[in-house]
Amino acid sequence: MFHPRFGRRRALALCAALLAGAASPALQAQDFPSKPIKFIVPFGPGSGTDTSARYYAKKLQQLSGQPVVVENRPGGNGFIAVKQALSAPADGYTVFIGSNSTLAVNTALFKALPYDAQKDFAPLTMMMRAPAIVVAPGDADTKQLKDLVAKAQANPGKINFGAGSAGYQLMGELFNDVAKVQTVHVPFKGAGEVATAVAGHTVDYAFAEATSVQELIKAGRLTGLAVASDSRVAALPNVPTAREAGLPGIEAYTWVGAMVSSKTPEDISARLAGWFMQIAAEPETQQFYANLGATAMSGGPAQMRQFQADEIALWKRIATQAKIELQ
């Protein structure tokens, strides 16, 4: 039999432990962050997602006082990065920097995803949006969008396009549907690989984010055929919109947003969201994206949740219209 005094000590210790456990979420939030934060990016260097991640990492490091590390995990339609982000402890120290492909378009292209883009993630805020640009090799005879359409019409099934994600693949399929042509999808791991492939004539054309190709267009390595938007990009004033180039109906944007696991404590998610929104509102951030041909976005968790839902509905409708077979 235990000594009574020893029993009281054990009881007091147990109560203290229980109280500490009950208070731990609040204490964790109060102390957050106390170690480095990791950004998981589903694409390689050179993509708009990576560019956004590195910019925000630098800013968040200044606000939080902790190092912020960017880790690129390209390939597998973003599944590799998503798995890593969701398998990490849901404590706010792992942030998924996702895009329209991983957070919306994949739901329109796959019969069964290994994750739920809405239920498995809790949004922090939108970061940026950029119009896609149709690009061809800089030294090719395809100098205008109508040249590409004519070439595709004359060579059904022989013209190919590169795509670094599901989002760009769907844009290529939208082009096929609107232009009434048949071009072939060639997958790559990210926007940087696609831009190199187009410049080197590995593929005939691609839809690419303005942020990842504008310098190559200015240098003459790529030709910008059209902007998939209702207005031109200020950084590329000579590239017409798709409507101006004779193909109305081609409008597509890429976007980047920050997410954490939906299992993350709400107060920690709120603290992160506050920092992200603070960064988004800075004039420096607005100018940073404007220089890249993109638009800084913000809005917070609720607005991003609605934006994501609208995007999922949009791309499902486009996939249905283009009669794309689910993978």
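Here is a chat about pockets, salt bridges and one buried asparagine in a predicted model.

Q: Before we start, what are the ground rules for this model?
A: It's a predicted model, where local features need pLDDT of at least 70 and side-chain atom pairs count only at pLDDT 80 or more, while totals for chains, interfaces and linings use all residues. Residues are numbered from 1 along each chain as its sequence is written, and side-chain values use heavy atoms, with hydrogens and water left out.

Q: Okay, pockets. What volume does the largest pocket have?
A: About 180 Å³. A pocket here is an open set of points on a 1 Å grid over the protein atoms alone, where a 1.4 Å probe fits, with protein on both sides within 12 Å along at least five of seven lines. The volume is the space filled by probe spheres set on the points, which are joined across faces, edges and corners.

Q: Which residues lie nearest its centre?
A: P131, S231, R232, G293 and T295, out of 14 lining residues. Lining means having an atom within 4 Å of a point.

Q: And which strand gives the most to that lining?
A: Strand β4, residues 121-137, with 3 residues. Strands (E, at least two residues) and helices (H or I, at least four) are DSSP runs, numbered from the N terminus.

Q: How does the lining of the largest pocket divide by class?
A: Into 7 nonpolar, 4 polar and 3 charged residues. Ala, Val, Leu, Ile, Met, Phe, Trp, Tyr, Cys and Pro count as nonpolar, Asp, Glu, Lys and Arg as charged, and the others, Gly among them, as polar.

Q: What about the second largest pocket, how much space is in there?
A: About 150 Å³. Its lining includes S229, D230, R243, P248 and E251, and by class there are 4 nonpolar, 3 polar and 3 charged residues.

Q: Switching to salt bridges: how many are there?
A: The count is 6, taking a salt bridge as a side-chain nitrogen of Lys or Arg within 4 Å of a carboxyl oxygen of Asp or Glu.

Q: Which residue does E71 pair with?
A: K38, with the closest N and O atoms 3.3 Å apart. E71 is in strand β2 (68-72) and K38 in strand β1 (37-41), so the bridge ties together parts 33 residues apart in sequence.

Q: R232 came up at the pocket. What's its salt-bridge partner?
A: E244, with the closest N and O atoms at 2.8 Å. Both sit in the loop between β8 (222-227) and β9 (253-261), so this pair ties together parts 12 residues apart in sequence.

Q: Where do R54 and D50 lie?
A: Both are in helix α2 (48-64), 4 residues apart, about one turn of the helix. Their side chains meet in a salt bridge at 3.0 Å, N to O.

Q: Is D50 buried or exposed?
A: Buried, at 5% relative accessible area, whereas R54 is partly exposed at 39%. The cut-offs, with a 1.4 Å probe and protein chains only, are under 20% for buried, over 50% for exposed, and partly exposed in between.

Q: Which residues form a salt-bridge network?
A: K59, E282 and E284 are linked that way.

Q: Last one: where is N106 found?
A: In helix α4, residues 100-109. N106 is buried, with a relative accessible area of 0%.

Q: What lies 3.0 Å from a polar atom of its side chain?
A: The backbone oxygen of N77. Leaving aside neighbours within four places in sequence, N106 is in contact (heavy atoms within 4.5 Å) with residues including N77, F79, L113 and Y115.

Conventions: A polar contact is a pair of N or O atoms within 3.5 Å; within protein, one must be able to donate a hydrogen and the other to accept it, and residues adjacent in sequence count only if both atoms are side-chain atoms.
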